[in-house]
Amino acid sequence: MSERTAPAAPLRARAEIDLAALRANVRALRAHAPGAAVMAVVKSEAYGHGAVPCARAAVAAGASWLGTATPEEALALRAAGLPGRIMCWLWTPGGPWREAIEADLDVSVSGMWALAEVVGAAREADRPARVQLKADTGLGRGGCQPGQDWAELVREALRAEAEGLLRVTGLWSHFACADEPGHPSIAGQLGVFREMVAYAEGQGVRPEVRHIANSPATLTLPESHFDLVRTGIATYGISPSPELGTPADFGLRPVMTLSGSLALVKHVPGGHGVSYGHRYVTPGATTLGLVPLGYADGIPRHASSAGPVLVEGKWRTIAGRVAMDQFVVDLGGDEPAAGAEAVLFGPGDRGEPTAEDWAQAAGTIAYEIVTRIGTRVPRVYVNEERDG
């Protein structure tokens, strides 16, 4: 098994991506949904982890589909040589329909304007489009409403299919509250989805896959698995909701470890203001450590005076405001050398904070913590080869 390791000189910052952990997560998710195929969702650069390496690792571990939000993301996977089934669902008028058809992508259609555009592109490409019809079962975002809207979409899709312009490959929807155990909308959406699927199939649609389950539904709602589950944040070893359980509860392991190298350690007297606005003032003589990561790198400013950092085995808290490129921690008199590692989050094995700890500190969700880590932070991939 090979690893790509960091260079001898410490990096300003690094996001280490453990592809062995990702592969293990995919296998664990397959075990949670043994009767369904798994779509690994790699939108937004695989939730900040790096789309192409993570997509390759997910496929190697048995994910038979890849999912993206935008068609551009899906086309980039194809350009990188990713084979197999790739679906994209966030379209706007004038999108690259023909390119998607020629790249053999599965494209989502939520309404008549999109159906008209994909049919036109199929005529231009002289090959049928692979189309999945999206049902709005209660989330209120993308998707077609039940009733007359759905009936019209199904009817016109079948007409285009009869003309050889498309193949309806899937029927799908998305949960609003699957991460809230017992929420009444869950059963309601499942019921509506079954009705909309039954209507489409009764009209003659023969989908390859029916799917509604996201990460929380994959982990906790086996009745929602149908033919395919779409696993996003769980693929990266993060629980979709603390109320549902920790990653370990589901056999998952966080994939990203974010760290930086201390840029400076210095002594300051008591009463010394720290960072913009002096929202933190040292209570006594102490040492301060400068961590060269800031909100330009995706560190949430909302975690000012709250974000946890592990330095030489001890948890420290951000002292004062997070700036664009840096923040400060009060080291309490300890004197690590410049260049010492400051771990913002990781799996927690070494006592370091987790992405969920940062989510709590910033008043957000762990999805946002990992996804927002910016391009200035190099991704360092380890355990790239397949296990065994």
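In this predicted model, strand 2 (residues 37-41) and strand 9 (residues 228-231) run parallel and are joined by four bridges, with Met39 of the former standing opposite Arg230 in strand 9. Strand 2 is also joined to strand 3 (residues 65-68), here by three bridges and again in parallel, and the bridge partner of Ala40 in strand 3 is Leu66. These pairings belong to an open sheet of eight strands, which follow one another in the order 8-7-6-5-4-3-2-9 with parallel pairing. Strand 8 (209-211) and strand 9 form the edges of the sheet, each of them pairing on one side only. On average, and with direction ignored, neighbouring strands of the sheet are turned by 30 degrees against each other.

In a regular strand the side chains alternate between the two faces of the sheet. In strand 9 both faces are covered, since Leu228 and Arg230 on one side are buried, as are Val229 and Thr231 on the other. Helices lie across other parts of the sheet: helix 4 (residues 71-79) crosses strand 3 and strand 4 (85-88), running at about 160 degrees to strand 4, while helix 8 lies across strand 7 (166-172) and strand 8, with an angle of about 160 degrees to strand 7.

In soluble globular proteins, nonpolar side chains tend to be buried together. The largest nonpolar core of the model comprises 112 residues, and those with the most contacts inside it are Val118, Leu133, Trp150, Phe327, Leu344 and Phe345. Helix 6 (residues 112-125) provides the largest share of this core, namely seven residues. Apart from this core lies another, made up of seven residues that include Leu29, Ala234, Leu244 and Phe250. When residues up to four places away in sequence are not counted, Leu133 touches Val109, Trp150, Leu153, Val154, Ala157, Val168, Gly170, Leu171 and Trp172.

Aromatic side chains form five pairs in the model. The rings of Tyr47 and Tyr236 have centres 5.2 Å apart and planes at 35 degrees, and the pair is therefore tilted. Distant parts of the chain are linked by this pair, as Tyr47 belongs to helix 2 (residues 43-48) and Tyr236 to the loop between strand 9 and strand 10, the two lying 189 residues apart; both Tyr47 and Tyr236 are buried. An edge-to-face arrangement is found for Phe193 and Phe226, with 5.2 Å from centre to centre and 85 degrees between the planes. Because Phe193 lies in helix 8 (residues 184-202) and Phe226 in the loop between helix 9 (215-220) and strand 9, this pair ties together parts that are 33 residues apart in sequence. Phe193 has a relative accessibility of 1% and therefore counts as buried. Ring pairs also link Trp91, Trp97 and Trp113 into a cluster.

A further buried position is found in strand 10 (residues 256-261), which contains Thr257. The relative accessible area of Thr257 is 13%, so this residue is classed as buried, the cut-off being under 20%. The contacts of Thr257, not counting residues up to four places away in sequence, are with Arg14, Ala15 and Glu16 as well as with Val343, Phe345, Gly346, Pro347 and Arg350. One of these contacts, Phe345, is also among the residues with the most contacts inside the largest nonpolar core.

Note on methods
Residues numbered from 1 in each chain as written. Predicted model: local features only at pLDDT ≥ 70, side-chain atom pairs only at ≥ 80, totals over all residues. Heavy atoms only, no water. Buried < 20%, exposed > 50% of the residue type's maximum accessible area, 1.4 Å probe, protein only. Pairing = 2+ DSSP bridges. Core = buried A, V, L, I, M, F, W, Y, C linked by side-chain atoms within 4.5 Å. Contact = heavy atoms within 4.5 Å. Phe/Tyr/Trp six-rings, centres within 6.5 Å; stacked < 30°, edge-to-face > 60°. Axes fitted to C-alpha atoms, helices over the stretch in contact; angles between N-to-C directions.
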